[in-house]
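Biologist: I'm new to this one and would like a guided tour. Could you put it up on the screen before we start?

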Amino acid sequence: MAERSDACLYIVATPIGNLSDISQRAIEVLQAVDVIAAEDTRHSGILLKHFAINTQSISLHDHNEQQRSETLLEKLQQGESIALISDAGTPLISDPGYKLVTLVREHNIPVIPIPGSCAVIAALSASGLASDRFSFEGFLPSKQGARQQILQLLVGESRTMIFYDAPRRLEGTLADMITVFGEHRPACIARELTKIHETITTKPLGELLAWVSADANQLKGECVLLLEGAKQQIDASETEINRVLSLLLKELPVKKAAALTASLLEVSKNNAYSMALKLQQK
Ligand code: SAM
């Protein structure tokens, strides 16, 4: 293995479905290190066996990461080399490893990435949505109220937003996105990437929800949800004007609600007034 001979921590990406996606370098590192720290040793055992990797593995998951990191640090300090893997994809990306990497770096021990599969990047690369600037948002909260609050914070976000989601929650998430961003905002569901039933579908949110609701297969497996960013400043502020108007219209007559919105958001009174009228007619 053309890798370091002194102690270091390798962060090794593993496939997100298709085993052929593992890199040659990943296999070599996993064979050569003294210990593999795996999120779930039984799950990773299947992968390691497939590639005839016999390296000893120990668990490192969300519930033991703090204490396990101390143990692994001691091993590194004794000159051992360690590879960290997660159940699938790149460790630390919505997976354990952050505490370990921080601790190891604090002790000036090298941390070396062995890049490979990552569902966010695979999904973005094939989604057809803007890829020059994006924001990875991880998993949204499972409770609707908390989820809508987080989405509200993203109303003005102009970068492509990427979320991990469980398929059983997909309909709820899409419905909340429609409430916050409107049914016309383009979005993509990238499901079962690199696997037999891979589907990557980009449509306006409203159509996407109708499509998944009509086809139970779309609610199976694993998925990444991507959302186009707000087009221009005007999009963001229109959404914001509508949001403030909707709140004020519950308490005030149209004229007052429009005037207050105009001064709160520093927008034209006429514009706010015509938008208020439209909201009232809905
Ligand atoms: N560390 C992983 C990575 O690099 O992508 C992500 C781990 S996170 C716990 C698992 C989530 O990633 C899934 O719920 C799903 O949102 C996404 N994911 C993982 N594999 C996927 C696949 N093959 N197709 C679509 N989404 C996937």
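**Salt bridges, ligand and surface**

Modeller: Let me begin with a network of salt bridges, in which E192, K195 and E222 are linked; please keep in mind throughout that this is a predicted model.

Biologist: OK, so how far apart are the N and O atoms where K195 and E192 meet?

Modeller: The side chains of K195 and E192 come together in a salt bridge with an N to O distance of 3.3 Å, and for E222 and K195 the closest N and O atoms are 2.9 Å apart. That second pair ties together distant parts of the chain, since E222 sits in the loop between α8 (205–214) and β10 (223–227) while K195 sits in the loop between β8 (186–191) and β9 (199–204), and the two are 27 residues apart.

Biologist: And E192, is that buried or exposed?

Modeller: E192 is buried, because its relative accessible area is 14% and the cut-off for buried is under 20%. K195, with a relative accessible area of 28%, is partly exposed, and E222 is also placed in the partly exposed class, at 48% relative accessibility.

Biologist: How many salt bridges turn up in the whole structure?

Modeller: A search of the whole structure gives six salt bridges, and one of them joins E228 to K231, with the closest N and O atoms 3.0 Å apart. In that pair E228 is buried, at a relative accessible area of 18%, whereas K231 counts as exposed, at 58% relative accessibility.

Biologist: Switching to the ligand, which residues are closest to it?

Modeller: There are 19 residues surrounding the ligand, and the closest of them are T90, D95, A119, Y164 and C223.

Biologist: What about polar atoms, what does A119 put beside the ligand?

Modeller: A119 has a backbone N or O atom lying 2.8 Å from an oxygen atom of the ligand, and I16 likewise has a backbone N or O atom, which is 2.9 Å from a nitrogen atom of the ligand. E222, which we met in the salt-bridge network, comes in through its side chain, where an N or O atom is 3.3 Å from a nitrogen atom of the ligand. As for cover, the ligand on its own has 570 Å² of accessible area, and the protein covers 90% of that.

Biologist: Back to that loop between α8 and β10, where Q218 sits; what does the side chain of Q218 make a polar contact with?

Modeller: The side chain of Q218 makes a polar contact with the side chain of R191, at 3.0 Å. If we leave aside its neighbours within four places in sequence, Q218 is in contact with L170, R191, T199, W211 and V212. Q218 counts as buried, because its relative accessibility is 6% and anything under 20% falls in that class.

Biologist: Last thing, the surface: which residues make the nonpolar patch?

Modeller: The nonpolar surface patch is made by I93, I121, F134 and F136, and its area is about 300 Å². Of these, I121 has its place in helix α5, which spans residues 119–127, and I121 is partly exposed, with a relative accessible area of 44%.

Technical notes:
Residues numbered from 1 in each chain as written. Predicted model: local features only at pLDDT ≥ 70, side-chain atom pairs only at ≥ 80, totals over all residues. Heavy atoms only, no water. Patch = residues over 30% accessible without salt bridge, like charges linked within 9 Å, V, L, I, M, F, W, Y side chains within 5 Å. Areas by Shrake-Rupley, 256 points an atom, 1.4 Å probe, with all protein chains shown as cover. Salt bridge = Lys/Arg side-chain N within 4 Å of Asp/Glu carboxyl O. Helix = DSSP H or I, 4+ residues; strand = E, 2+ residues; numbered from the N terminus. Buried < 20%, exposed > 50% of the residue type's maximum accessible area, 1.4 Å probe, protein only. Near = heavy atom within 4 Å. Polar contact = N/O pair within 3.5 Å; in protein donor to acceptor, adjacent residues only side chain to side chain. Contact = heavy atoms within 4.5 Å.
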